[in-house]
Amino acid sequence: MRLPQAQVALLERASATDATTVEQLASDTDLKPETVTRAAFDLREEGLVAVEERLEESATLTDEGETYRSEGLPEVRLHRAAREVGDGDPVAMGEAIGAAGLEGPEVDIALANYARKGYGVVDSGEVTADGDADPDGDEEAAALDALADGEAVDDAALLDRLESRGLVEVDERTVRSVTLTDEGVTALMEGVEVAETVDRLTPELLTSGEWADVEFADYNVEADAPAVEGGREHVLRSMSERVKDVLVGMGFQEMDGPHADADFWINDCLFMPQDHPARTHWDRFALDVPPVADLPEGLVDRVEATHRDGVGEDGDGYHSPWSEDFARAIALRGHTTSLSMRYLSGYADADLEPPKRYFSVQKAYRNDTLDATHLLEFFQIEGWVMAEDLSVRDLMGTFEEFYRQFGIEEIRFKPHYNPYTEPSFELFGEHPETGEEIEIGNSGMFRDEVLEPLGIDCDVMAWGLALERLAMLTTGAEDIRDLHGTLADLEFLRNAEVTY
C-alpha cells in the first residue's frame, strides 16, 4: 500500500491498544498538529484508524485572579483584619477595610462574599468576624493555587463561581485521539510505502509522465477549521439608514447640527422653564466650556419675554427666574429638538416656506438610570412638518405610515404633557417576544409659546422617536444594552435579522 508521508508516519507511531492524542503524535512525528489531524481523518476514511473526539475544559487565572492569589481574596483579608483589630468584638467598617488594605472595587467584593462564606456579619456599619471560620481552608483560594500550579480543579460548581467572579477563564477545546484499527495493523504488517504526494497537477508532471507515479492529496472539505467572524453592518446603522430612506421617501429633508449646544436652543426655545427638573445637573450633562456668544439677539429677547409673560392677550409666563447666562451655557443636547429650533428659527438657513418637512437621526444624551430601555446616550428620530391647518389626525396618520414601513401595524397613543407641545401624546408598540408594551416616542403640536418667538405663523407638528426601541421591535432584542454599549451582545449583533 502506498500512502502519503504524513499518513505513513502516523500509522507507524499510532498504537492498536492505547489511544494517542494528536498533540503527542505531532511531537513524535515532527509534524504540525493540523497536518496530523488531516492525515488522521484521511486514514479514518480508509478504515485504517479510529479517531475519538472529546471536549476538554481548561481554566487559567485572570490578572485579577493572579492578584488575589498573591495578596489574598478580599473577603479573607477582611476577616483577618477584623479579627486582628476587633479581637472578637465588632469593628467599624471603615477601620476594618483600612486594616485589610482594601481599595476601590475590592471593598464591594469583600462585603458581597463575607457573609456568603460564613466569615462573619456586616451590620449597621460594623464588621464582626466569626472566630470559628477558617480562611486558610477557603476552597476558592485553594483552587486558585491549584490552577496556578497546573493542577486540575474537578469541582464544576467551584469553577463556575470563580469564572463568574472574573478570577478564571474557562476554555473548551476538542481533543482528538487516534487508535489503529485491525485493518491498520494488517496494512502495517503487509508493508506501507511512502508515495510522493502533490497537491496539484502541473505542466511539468504532465510532460515528464511523473503524474502516474505520484499520490494526489485529497482535500477534506469537512475538516474542522477555525471560525472567522467577518465584519458586518451594525444593526443600528442598518436601522438608521432604513429610517432615513423611509423619511426621504415621505418627502422629508435631513437636518444636521452640533451635539454640544447652547441651552437656549436645547430648552429655552422650547418654552422649558429654567427651573424645570430636566434642566438640573441630575438630568443634563453640562460642559465646563465658555458660553455661546453668537445667538440671534432679537430671538433671545422674544424667548425671554415669552418665558416671563407668555404670548397673546391671555398669555401667562412662568413667573420664574430667567437668566441669559444660563441660556448661553453649553451642554450635551438632551434631545435633537435643538436642531428643530435652529431650523425653524431660520438660524440654520433652512427654506421655511410652508409646507416643509425635516428630520434627523442623531444622538442625544441624558443622565438616565440604565435599564432595559434606557441608556445615557441614544439615537433619536427627530421630525417636524410645517403646514397650514395641521391636526392631531395628520400627526397620527404620519406615524401609522412610518411604522408600517417596518412591519409594525399596531401602535397605541397615550395623552401626555410636554411644556412645548399641546396636545401631546406618547407612542407605544408591542414587543414581538415579550408582548410588553414599550414606549417608542413622544410627539405633539408645537405651542404658540414655541412658534411665535420663532416667527412661525402656521401649524407645526413634531416628534422624537427612539431608534433603539424601534430596533427592539424589529429584531426582538429584549434589552437595549444588547444593541450597543459596553455590555452589547456581540453574538446577537452578528446574527440579528432586522425584519421590515
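What follows is a chat about how some labels on this predicted model are earned.

Trainee: What makes Lys244 count as buried?

Mentor: Its relative accessibility is 18%, and the cut-off for buried is under 20%, so Lys244 falls on the buried side. Its salt-bridge partner, Glu254, has a relative accessible area of 41%. Exposed would need over 50%, so Glu254 is called partly exposed.

Trainee: And why is the contact of Glu254 with Lys244 called a salt bridge?

Mentor: The closest N and O atoms are 3.5 Å apart, and the limit is within 4 Å, so the pair qualifies. Glu254 sits in strand β11 and Lys244 in helix α12, 10 residues apart.

Trainee: How do you know that Arg69 and Asp149 form a salt bridge?

Mentor: Run the same test: their closest N and O atoms are 3.7 Å apart, and the limit is within 4 Å, so this pair passes too. Arg69 lies in helix α4 and Asp149 in the loop between α8 and α9, so the salt bridge ties together parts that are 80 residues apart in sequence. As for accessibility, Arg69 has 35% and is partly exposed, while Asp149 has 53% and is exposed.

Trainee: What makes Arg412 and Glu437 a salt bridge?

Mentor: There the closest N and O atoms are 2.3 Å apart, again to be set against within 4 Å. Arg412 belongs to strand β16 and Glu437 to strand β18, so the pair ties together parts that are 25 residues apart in sequence. Both partners are partly exposed, Arg412 at 26% and Glu437 at 41%. The whole structure has 33 salt bridges.

Trainee: Why is β18 called largely enclosed?

Mentor: Count its buried residues: 8 of its 10 are buried, so the rest of the structure largely encloses it.

Trainee: How do you know that β18 pairs with β17 and with β19?

Mentor: Pairing takes at least two bridges. β17 and β18 share 8 bridges, and β18 and β19 share 5, so both pairings hold. Both are antiparallel. You can find Gly444 in each: it is the bridge partner of Ser424 and also of Ala462 in β19. In the hairpin of β17 and β18, Gly435 takes a positive phi near 75°.

Trainee: What makes the pairing of β2 with β7 count, with its 2 bridges?

Mentor: The threshold is at least two bridges, so 2 is enough. One bridge joins Thr21 to Ser177 in β7. The sheet is open, with the order β2-β7-β3.

Trainee: Why are β2 and β3 called edge strands?

Mentor: Each of them pairs on one side only.

Trainee: How do you know that the buried residues of α9 line one face of the helix?

Mentor: The buried ones are Leu158, Leu159 and Leu162. Seen down the helix axis they fall within an arc of 100°, so they line one face. They pack against β3, α8 and β7.

Trainee: What makes Asp155 a cap for α9?

Mentor: A side-chain oxygen of Asp155 lies 3.1 Å from the backbone nitrogen of Ala157. A polar contact needs N or O atoms within 3.5 Å, so the distance fits. The cap is at the N-terminal end of α9, and Gly166, with a positive phi near 75°, follows the helix.

Conventions
Residues numbered from 1 in each chain as written. Predicted model: local features only at pLDDT ≥ 70, side-chain atom pairs only at ≥ 80, totals over all residues. Heavy atoms only, no water. Helix = DSSP H or I, 4+ residues; strand = E, 2+ residues; numbered from the N terminus. Buried < 20%, exposed > 50% of the residue type's maximum accessible area, 1.4 Å probe, protein only. Arc of directions from axis to C-beta. Contact = heavy atoms within 4.5 Å. Polar contact = N/O pair within 3.5 Å; in protein donor to acceptor, adjacent residues only side chain to side chain. Salt bridge = Lys/Arg side-chain N within 4 Å of Asp/Glu carboxyl O.
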